[in-house]
Amino acid sequence: MRNKRKKILPVIYILLFLAGLTSFFVDQQIMDIISGLRTPFFILFFELVTRISFLVLTLIAIPALILIIKGKKKGAIALIATTLLAWIISQGLKLVFARARPEVLWLDSVSGFSLPSTHATIAFATIPLLFVFFPSARLLTLAIASLIGFSRVYVGVHYPSDVIFGALLGLAIGSWVLSIKGSILKPHPHTFEIRRKIIHVLFGAAIILLIQFDILNAVKLGGLLAVGVILSLLEKDKRIPFLSFMLDSFEREDARKRLPGEGLLFYLAGSCLAVILFPKEIALAAIAILTIGDAVSHIAGISIGRIKHPLNDKKFIEGWIIGLIAAFFAATLFVSAREAFVGALAGMLIEAFDVVVLNRRVNDNLLIPPIAGIAIVLLRLVRP
């Protein structure tokens, strides 16, 4: 039973992410359906649930007070700090995405941008901590956070995708707080790998956004790669402020000895190749396949995997399939569904292999973008 509980959060991550990608395409349809379900009672109920005071009271203040009474002051501080961090990050991302709120607002007092939902981000950021501190109340905690998230859509101040990605962001923040060095909480058995993949997704998402808005191009990516290589070589002999701390937190020991920051360097190299070789929309789709497919596949594999992958006995077929689905949805943001599937399939196939050159495994961060992009280009040549 305990092992099953430890696997709840990674599964929630995957389901939320897939739901979030899907919801971008049906946001307005969902809003229309919900508007038809409004009744005087539920309007009153959800206007109560959506208040920030309800969120603070149920998921922050009362749990923190109980922790203090139990003598777990550090736990209360961690919960409050997580809340503040979630608020800061969500507000910053609102400025980055600058997505307008739905046209019809039911609450006149609401202003500002829409993506992500700060309420959902804060509510779900508390879940990893509350799951550990109050294991018998996990369903209640999840129910309250879900109600708060749904209330934001019901009262018309957020799109469903705002809430879903806010929830995903919150879970990532809460999980990171659990896993940081010196945490007072017992971490998930795969905390380090999950933490690595969260950074993987955030880094990839940043690259995609910067390319999308023409802030990054092939030349600038190449420049970042060159600077990264120099810093990596320097870090092998001498600790560098902040960089060394980040490597301590997110880098595998074997990779750290070979080439500090190896994963991110090959990520930049693979992204740079994609931008050089392909049109912008194909490059973005290829990088999205790497960003999402590789990360989701790994997290799902270590969390729920049972059947060994026929191409690689270090990976699981369940993780690979879920990663393929996630990569497909991510790529559809930039190319057609047919092209997204072919690119995702090619990228995830190369992700399953261990490609070895001169007795050394080639990092799949370098291989996935160009292979996925080539597959999409070939499909366009065959079926223009």
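Partly exposed describes a residue whose relative accessible area falls between buried, under 20%, and exposed, over 50%. The legends below use these words for a predicted model.

**View 1. Leu 378 and a nonpolar patch on the surface of the predicted model.** Leu 378 has 48% relative accessibility, so this residue counts as partly exposed. Leu 378 sits in helix H18. It belongs to a nonpolar surface patch of about 480 Å². The other members of the patch are Ile 371, Ile 374, Leu 381 and Val 382. Helix H18 covers residues 364–382. Residues three or four places apart on an α-helix point the same way, because the helix has 3.6 residues a turn.

**View 2. Arg 380 with two glutamates.** Arg 380 forms a salt bridge with Glu 281, with the closest N and O atoms 3.0 Å apart. This pair links distant parts of the chain. Glu 281 is in helix H15, Arg 380 is in helix H18, and 99 residues separate them. A salt bridge also joins the side chains of Arg 380 and Glu 339, at 2.8 Å from N to O. Here again distant parts of the chain are linked: Glu 339 lies in helix H17 (residues 337–352), 41 residues from Arg 380 in helix H18. Through shared partners, the salt bridges join Glu 281, Glu 339 and Arg 380 into one network. Which of these residues are buried and which are partly exposed? Glu 339 has a relative accessible area of 12% and is buried. Glu 281 is partly exposed at 29%. Arg 380 is partly exposed at 27%.

**View 3. The salt bridge between Lys 280 and Asp 214.** The side chains of Lys 280 and Asp 214 meet at 2.9 Å, N to O. Lys 280 lies in helix H15 (residues 280–304), and Asp 214 lies in the loop between H10 and helix H11 (218–237), so the pair ties together parts that are 66 residues apart in sequence. Lys 280 is partly exposed, with a relative accessible area of 35%. Asp 214 has 60% relative accessibility, which makes this residue exposed. The structure holds three salt bridges.

**View 4. Phe 203 against helix H14.** Phe 203 lies in helix H10, residues 191–212. At 24% relative accessibility, Phe 203 is partly exposed. Leaving out residues up to four places away in sequence, Phe 203 touches Leu 264, Tyr 267 and Leu 268. Phe 203 and Leu 264 are 61 residues apart in sequence, yet their C-alpha atoms are 8.2 Å apart. Helix H14 runs over residues 262–277. Its 16 residues reach 22 Å from first C-alpha to last, close to the 22 Å expected at 1.5 Å a residue. Tyr 267 and Leu 268 are among the buried residues of H14. So are Glu 262, Leu 265, Ala 269, Gly 270, Ser 271, Cys 272 and Ala 274.

**View 5. Thr 118 and helix H5.** Thr 118 lies in helix H6, residues 118–125. With a relative accessible area of 9%, Thr 118 is buried. Its side chain makes a polar contact with the side chain of Ser 90, at 3.2 Å. Beyond its neighbours within four places in sequence, Thr 118 is in contact with Trp 87, Ser 90, Gln 91 and Lys 94. Ser 90 and Lys 94 are among the buried residues of H5. The others are Gly 75, Ala 76, Ala 78, Leu 79, Thr 82, Thr 83 and Ala 86.

**View 6. The length and end of helix H5.** How far apart are the end C-alpha atoms of helix H5? They are 36 Å apart. This agrees with the 36 Å that its 25 residues (73–97) should span at 1.5 Å a residue. Just after H5, Ala 98 takes a positive phi of about 50°.

**View 7. The whole chain, for orientation.** The secondary structure comes to 18 helices and four strands. The chain has 384 residues, and 49% of them are buried. Of the contacts between residues at least 6 apart in sequence, 75% join residues at least 24 apart. The accessible surface is about 19,100 Å², and 71% of this surface belongs to carbon and sulfur atoms.

Definitions and conventions:
Residues numbered from 1 in each chain as written. Predicted model: local features only at pLDDT ≥ 70, side-chain atom pairs only at ≥ 80, totals over all residues. Heavy atoms only, no water. Helix = DSSP H or I, 4+ residues; strand = E, 2+ residues; numbered from the N terminus. Buried < 20%, exposed > 50% of the residue type's maximum accessible area, 1.4 Å probe, protein only. Contact = heavy atoms within 4.5 Å. Areas by Shrake-Rupley, 256 points an atom, 1.4 Å probe, with all protein chains shown as cover. Salt bridge = Lys/Arg side-chain N within 4 Å of Asp/Glu carboxyl O. Expected span 1.5 Å × (residues − 1). Polar contact = N/O pair within 3.5 Å; in protein donor to acceptor, adjacent residues only side chain to side chain. Patch = residues over 30% accessible without salt bridge, like charges linked within 9 Å, V, L, I, M, F, W, Y side chains within 5 Å.
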